[in-house]
Amino acid sequence: MKKKYIYIYDSIAEKVKNGLYQPGKLLPSENQLVKEYSTSRETIRKALKLLSEHGYIQKIQGKGSVVLDINKVTFPVSGLVSFKELAQNMEGRVSTDVTTFQEIAPDEEVKKQLSITAEEMVWKVGRVRKIDGEKIIYDKDYLLKDIVPSLTKEICADSIYHYVESVLGLIISFAKKEITIEKPSSEDKELLDLDEFSSIVVVKNHVYLDDTTLFQYTESRHRPDKFKFVDFARRNH
């Protein structure tokens, strides 16, 4: 038998998924939920904590619990974050499948993107990102083997950035980004749940260490309905 707070979590999560609780609106207060579910405040708080951890709500001091848009994940245009960091508040809803992991000699396109010669070996990594079981992002990564010598499939399934920074002790500093709208390739159609979508959002990243070494080129290919790209802009006077 389910614990009461798990039952309440499931009930509220289902209401968020079905649109009964709209994004940007407040959930009923703790007192209202106590009455609705005939339970204690402690049990309600356990359920709300779980909802927050799984990305359904955001608790705001003095206001209550705001419902989040679970169909779109905010992706910062000017930020440089890993998918693991991006999805840290969606525990249990996200997963990664490593579809490609191999050491390759770079072709002409990879040599151009990484500004390297044919003698420099590269890790080629393909990862499909799933949210709520749907395959919505395909990440294609190319990394210099000289910089990241001991990459494994297990590291790729977890977080390459965490490995580079925490294990190798390198500092990832900045990236140059390019965002385009493209027609899905045959590879996109095979790996992603595109349904009726006839276009994808492609984010190309050239990623640099703090000594300005270009060590990674990435293409993140997004299903357009699931992600929103945000930035903070200030007008210069």
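**Close-up views of helix packing and aromatic pairs**

Let's begin with the aromatic rings: this predicted model holds 5 aromatic pairs, counting rings whose centres lie within 6.5 Å. Two of the pairs are shown below, along with the helices around them.

**View 1. Tyr 7 and Tyr 37 meet edge-to-face.** The ring centres of Tyr 7 and Tyr 37 are 6.4 Å apart, and their planes stand at 85° to each other. Tyr 7 belongs to helix H1 (residues 4-17) and Tyr 37 to helix H2 (residues 30-37), so this pair links parts that are 30 residues apart in sequence. The two partners are worth viewing one at a time. Tyr 7 has 46% relative accessibility, so it counts as partly exposed. Tyr 37 has 9% relative accessibility, so it counts as buried.

**View 2. Phe 174 and Tyr 208 form a stacked pair.** Here the ring centres lie 4.7 Å apart with the planes at 5°, and because planes under 30 degrees apart count as stacked, the pair earns that label. Phe 174 sits in strand E7 (residues 172-182) and Tyr 208 in strand E8 (residues 200-209), so the pair ties together parts 34 residues apart in sequence. Phe 174 is partly exposed, at 32% relative accessibility, whereas Tyr 208 is buried, with a relative accessible area of 13%.

**View 3. H1 packs against H2.** The axes of H1 and H2 lie 12 Å apart and make an angle of about 110°, so H1 is roughly perpendicular to H2. From H1, the contact draws on Lys 4, Tyr 7, Ile 8, Ser 11, Ile 12 and Lys 15, and from H2 on Leu 33, Glu 36 and Tyr 37. By character, the residues of this contact are 5 nonpolar, 1 polar and 3 charged. Both rings of the first view can be found again here, as Tyr 7 and Tyr 37 are among the contact residues.

**View 4. H2 also packs against helix H3 (residues 41-53).** The angle between H2 and H3 is about 105°, and their axes are 9 Å apart. H2 is therefore roughly perpendicular to H3. On the H2 side you will find Glu 30, Asn 31, Leu 33, Val 34 and Tyr 37, which meet Arg 41, Ile 44, Arg 45 and Leu 48 of H3. The residues of the H2 contact with H3 divide into 5 nonpolar, 1 polar and 3 charged. Following H2 comes Ser 38, with a positive phi near 50°.

**View 5. H2 has a buried side.** Glu 30, Leu 33, Val 34 and Tyr 37 are the buried residues to look for in H2. Around the axis they cover an arc of only 105°, so they sit on the same side of H2. The spacing fits the helix repeat: an α-helix has 3.6 residues a turn, so residues three or four places apart point the same way. The cover over the buried residues of H2 includes H1, H3 and strand E1 (57-60).

**View 6. Buried residues line one face of helix H7 (residues 160-167).** In H7, Ile 160, Tyr 161, Tyr 163 and Val 164 are buried. Looking down the axis of H7, you can see these residues fall within an arc of 165°, so they line one face of the helix. Their cover includes strand E5 (122-131), strand E6 (134-144), helix H6 (153-158) and strand E9 (214-222). The strands of the stacked pair, E7 and E8, also take part in covering H7.

Key
Residues numbered from 1 in each chain as written. Predicted model: local features only at pLDDT ≥ 70, side-chain atom pairs only at ≥ 80, totals over all residues. Heavy atoms only, no water. Phe/Tyr/Trp six-rings, centres within 6.5 Å; stacked < 30°, edge-to-face > 60°. Helix = DSSP H or I, 4+ residues; strand = E, 2+ residues; numbered from the N terminus. Buried < 20%, exposed > 50% of the residue type's maximum accessible area, 1.4 Å probe, protein only. Axes fitted to C-alpha atoms, helices over the stretch in contact; angles between N-to-C directions. Parallel < 35°, antiparallel > 145°, perpendicular 65-115°, else oblique. Contact = heavy atoms within 4.5 Å. Nonpolar A, V, L, I, M, F, W, Y, C, P; charged D, E, K, R; others polar. Arc of directions from axis to C-beta.
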